[in-house]
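I wanted to practise reading a fold slowly, one element at a time, and to write down what I looked up as I went. These are my notebook entries, in the order in which I made them.

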Amino acid sequence: MKIHTFNKDRERVKLGVDTIARYLDNIHLHPEEEKYRKIKLQNKVFQERINCLEGTHEFFEAIGFQKALLAVPDQEGPEEFYVLSEAALAQPQSLERHKEQLLGAEPLRATLARQRRIFRPSALASQFDLPADFFSLTAEEVKREQRLRSEAVERLSVLRTKAMREKEEQREMRKYTYTLLRVRLPDGCLLQGTFYARERVAVLYGFVREALQSDWLPFELLASGGQKLSEDENLAFNECGLVPSALLTFSWDAAVLEDIKAAGADPDSSILKPELLSAIEKLS
């Protein structure tokens with residue numbers, strides 16, 4: 001898993017994995033030949049294809065290779081080798097299984113933890129304290145960008161067309177890696193989650209729906225200014241201006257509210273699942 005996950009150059013990973021597989025094939029096919037059980041660490045092929053990959057040394061040691069200093073003919077001083085232990089050599093089927101696992105493994109894909117939190121109603125709902133990793137730029141670069149942008153705004157605002165301004169705004173939005181979103185519920189409580197800036201609005205709808213007691217009822221999410229975010233539109237958060245943070249408002253679908261009122265009932269102000277409300281926090 002380390003070899004396939006921590007090394008991003010897929011071609012280099014394939015070359016390294018294939019080379020390791022050939023080492024193991026030689027041992028499996030020629031168990032009586034001692035030369036195949038030893039791998040010189042300073043060998044050019046080993047250095048260029050295997051040593052450069054993270055996780056390869058852990059793999060060799062896990063399957064039974066041990067480092068040893070061995071004499072080399074016509075050379076002063078010993079060299080470092082990986083030598084297969086007798087115990088591992090006695091189990092060729094294990095080496096074959098390890099080889100197949102190495103060849104068939106896939107990189108692990110990290111999933112973003114939503115870090116869901118529920119807050120009591122608060123006047124601080126629109127204030128966000130964002131960590132540095134929310135930005136593709138460093139904190140110093142962000143400050144510099146802000147300073148340069150402030151200096152240029154007055155100079156350029158008269159000359160730019162609307163299309164030029166929109167294009168620049170979109171370029172700015174791409175600087176963010178994550179976005180922190182809060183949804184204000186009918187009772188004033190806040191549902192908060194973390195998302196990739198390029199995830200789609202539909203993901204937010206799913207996140208909110210998972211927290212609702214009545215998760216089958218249609219609802220709407222409104223951005224600042226009352227702009228409705230459609231669940232069906234294939235828009236990313238950074239395309240909607242919802243980065244690096246945003247406060248949205250939850251509203252039941254108008255038809256649902258009419259049906260509730262027609263039945264002589266009032267909408268339930270507390271709409272979250274009880275287990276979520278039990279972990280409610282104060283926003284500070």
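**Entry 1: the three-stranded sheet**

I began with a single pair of residues and found that the bridge partner of Ala68 in β3 is Phe81. Strand β3 covers residues 79-84, and six bridges join β2 to this strand, the two running antiparallel. I noted that two strands pair if DSSP finds at least two bridges between them, and that helices (H or I, at least four residues) and strands (E, at least two) are DSSP runs, numbered from the N terminus. As background, strands of a sheet pair through backbone hydrogen bonds, either parallel or antiparallel.

Looking wider, I saw three strands forming an open sheet in the order β1-β3-β2, with antiparallel pairing. The edges are held by β1 (38-40) and β2 (65-70), each with a single partner strand, so one side of each is left without a neighbour in the sheet. In the loop between β2 and β3 I came upon Asp74, which has a positive phi of about 60 degrees although it is not a glycine.

**Entry 2: what kind of model this is**

Before going on, I wrote down that this is a predicted model, in which local features need pLDDT of at least 70 and side-chain atom pairs count only at pLDDT 80 or more, while totals for chains, interfaces and linings use all residues. Residues are numbered from 1 along each chain as its sequence is written, and side-chain values use heavy atoms, with hydrogens and water left out.

I then looked up the overall counts, and found 11 helices and nine strands in the chain. Of its 284 residues, 35% count as buried, where buried means under 20% relative accessible area, exposed over 50%, and partly exposed in between (1.4 Å probe, protein chains only).

**Entry 3: the six-stranded sheet**

In which order do the six strands of the other open sheet stand? I read the order as β4-β6-β5-β9-β7-β8, and the pairing is mixed. At the edges stand β4 (117-119) and β8 (228-229), each with a single partner strand, so one side of each is left without a neighbour in the sheet. Helix α9 (residues 201-211) packs on this sheet and touches β5 (178-184), β6, β7 (219-222), β8 and β9 (245-252), and its direction makes about 140 degrees with that of β6. For contact I used heavy atoms within 4.5 Å; axes are lines fitted to C-alpha atoms, for helices over the stretch in contact, and angles run from 0 to 180 degrees between N-to-C directions.

At one edge, three bridges join β4 to β6 (residues 190-196), and these two run antiparallel; Ile118 has Leu191 in β6 as its bridge partner.

**Entry 4: β7 and its neighbours**

I followed β7 in both directions: four bridges join it to β9 and two join it to β8, antiparallel in this pairing. Glu220 stands opposite Ser251 in β9, whereas Leu221 has Leu229 in β8 as its bridge partner. Both faces of β7 are covered, with Phe219 and Leu221 buried on one side and Glu220 and Leu222 buried on the other. A hairpin is formed by β7 and β8 with five residues between them, and Gly225 in the turn has a positive phi of about 85 degrees.

**Entry 5: one residue inside**

Is Phe195, in strand β6, buried or exposed? At 0% relative accessibility, Phe195 counts as buried. Leaving out residues up to four places away in sequence, Phe195 touches ten residues' worth of my list, among them Leu112, Tyr178, Phe207 and Phe237.**Entry 6: a pair of helices**

Helix α2 (residues 10-29) and helix α6 (residues 92-104) pack at an angle of about 165 degrees, with their axes 10 Å apart. That makes α2 roughly antiparallel to α6, since angles under 35 degrees count as roughly parallel, over 145 as roughly antiparallel, 65 to 115 as roughly perpendicular and the rest as oblique. Among the residues in this contact I listed Val17 and Leu24 of α2, and Leu95 and Lys99 of α6.

**Entry 7: two backbone details**

Which peptide bond is cis? The bond from Val243 to Pro244 is, with omega near -5 degrees, and Pro244 is found in the loop between β8 and β9. Gln115, in the loop between α6 and β4, has a positive phi near 50 degrees. I added a reminder that most residues other than glycine have a negative phi, and most peptide bonds are trans.
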